[in-house]
Amino acid sequence: MKTVCIGAGPAGLYFAILMKLADPDCDITVLERDPQGATYGWGVCFSDDLFELLYDHDRESARAVRRASVLWRRQETHLDGGVSRMGGYGFAILRARLLEALTQRAVQLGVRVQHDHPVEDLAELADADLIVAADGAGSRIRQLSGDGFDTRVDTGHNPYIWLGTDKVFDGLVFAAEPTPGGWIWLHAYPSSSSVSTCVLECSEETWRWLGLDQREESDGLQLLEKLFEQVLEGHSLISQSRGEPARWLRFRDVSNESWTHDNVVLIGDAAHTTHFTVGWGTKLALIDAVELVSSLRYYRDDLPMALRDFDERSRPFLRRIQAAARGSMDWYEHADEYLAGRTAAEAAYAMATRNSSGPRRSFRRFRLAQRPPMCWVRDARQTAHRIRQAAERGEYAFVPHRTSRRG
Ligand SMILES: Cc1cc2nc3c(=O)[nH]c(=O)nc-3n(C[C@H](O)[C@H](O)[C@H](O)COP(=O)(O)OP(=O)(O)OC[C@H]3O[C@@H](n4cnc5c(N)ncnc54)[C@H](O)[C@@H]3O)c2cc1C
């Protein structure tokens, strides 16, 4: 089967890897508009279960992703001078390193990955049996396919910007600063041993009040560095990625009534997006790849049936997840109301419970869980859990990278 995959993001590359593993004779080409090594954005966060997924399906790419990832082991909320610290852990990886690891594995398996190849016309894909549109939230392939997917794209209200910083945080940090024009906040996490990711966000009104809609790039960065001087400890924000300055954007909430149309199938952000504050997009993109390959293997000789099966199994699952992610986006779109008059601990609690539909842990229990002895016990348990999981996979556990941690 001749398969062309558009987009060398996590969805497209992982699909190509798994498809080649399932059927080494399959002819797969991945077409990517960007040059090799260049990608938008900085790091992405993820939890342990992403490793589980990778190890279950391809140990080689799992090991490569693990080697390029960093572990963070606490969470901090900074609010107007106050700080609340709590336990918890997760991982992060620079998008560029993730894509590099997956590209190398795909090429090793015999996938043709062609960079500098934007697809602008479906005619050039006419001889493909299967077209996998993994070209992200703004999918060109989706647009070129007419209204076949019944796409809906809603745009979030808050402007956000995806930046890097040379400050290496040692945990997942949320920091919010009040200004006379409203609150502005950042979500930050370490992404390699030398850089962290910073996503800055505020309401449209605050953004205009701060003049961020009009300032030159360097002027805007200086203002943000000044506002977050304390949490950045005087470090710089970095705007440039793939040779271009980062731009303020608005989140695109993408959903489709169908993920297949003729011989075209959507996966990853082309099919569905989830707001970045939930940190699920990459894992969901990989799950799509796993599920699509599973359907193609099961209905080996019946492509339309395989695509229908993928669509019918995967789409309902995503609907619930997207609803939860919209709840998170909505919380941040009203963050000014939730942050005003709160302490850092109260804000941390409000954020931690923003998505919970079940009975909520009380604020008192939440505070108790943040006491140093409780954190220590939880950290020890989590470390033991990680070591056990790694041992089961035949790997060494993660060791946190050394950072310029405050005393
Ligand atoms: C600010 C921000 C922070 C995020 N943080 C996290 C996080 O912490 N954790 C997490 O899991 N997820 C996070 N995400 C989401 C995550 O980045 C996406 O969900 C994930 O990258 C989706 O993968 P994908 O392969 O579907 O699409 P993409 O990664 O967008 O890849 C699509 C690829 O297609 C290429 N392409 C586009 N058009 C064409 C064309 N016409 N021809 C050829 N190639 C084309 C693009 O260049 C790109 O390489 C974040 C997103 C944002 C915006």
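Me: Taking two residues to be in contact if their C-beta atoms, placed from the backbone, lie within 7 Å, what share of the contacts between residues at least 6 apart in sequence join residues at least 24 apart?

Reply: In the protein chain, that share is 73%. This is a predicted model, in which local features need pLDDT of at least 70 and side-chain atom pairs count only at pLDDT 80 or more, while totals for chains, interfaces and linings use all residues. Residues are numbered from 1 along each chain as its sequence is written.

Me: And how many helices and strands does the chain have?

Reply: The protein chain has 14 helices and 19 strands, taken as DSSP runs (H or I, at least four residues, for helices; E, at least two, for strands) and numbered from the N terminus. Its C-alpha trace spans about 60 × 50 × 40 Å along the principal axes.

Me: Switching to the ligand, which residues come nearest?

Reply: G7, G9, G136, G268 and G281 do, out of the 33 residues around the ligand, where a residue counts if its C-beta atom, placed from the backbone, lies within 6 Å.

Me: Which element gives the most to that shell?

Reply: Helix α9 does, with four residues; α9 covers 281-298, and α1 (10-22) and β3 (43-46) also each supply at least two.

Me: What about the largest nonpolar core, which residues touch the most other members?

Reply: F15 and I267 do, among its 108 residues; such a core is a set of buried Ala, Val, Leu, Ile, Met, Phe, Trp, Tyr and Cys residues joined through C-beta atoms within 7 Å. Beyond its neighbours within four places in sequence, I267 is in contact with F15 itself, and also with A11, V132, A134, A285, D288, A289 and L292.

Me: How much of the chain is buried?

Reply: Buried residues make up 42% of the 407 in the protein chain, where buried means 20 or more other C-beta atoms within 10 Å of the residue's own, exposed means 12 or fewer, and partly exposed lies in between.

Me: In helix α7, which residues are buried?

Reply: In α7 (residues 217-227), these are G220, L224 and L227. They lie on the same side of α7 because they cover an arc of only 60° around the axis, judged from the directions from the helix axis to the C-beta atoms. S218, D219 and K226, on the other side of α7, are exposed.

Me: What covers the buried ones?

Reply: The cover includes strands β11 (172-179), β12 (182-190), β13 (196-202) and β14 (237-238).

Me: Is T3 buried or exposed?

Reply: T3, which lies in strand β1 (residues 2-6), is buried, because 22 other C-beta atoms lie within 10 Å. Residues up to four places away aside, T3 touches M19, C26, D27, I28, A128, D129, L130 and V132.
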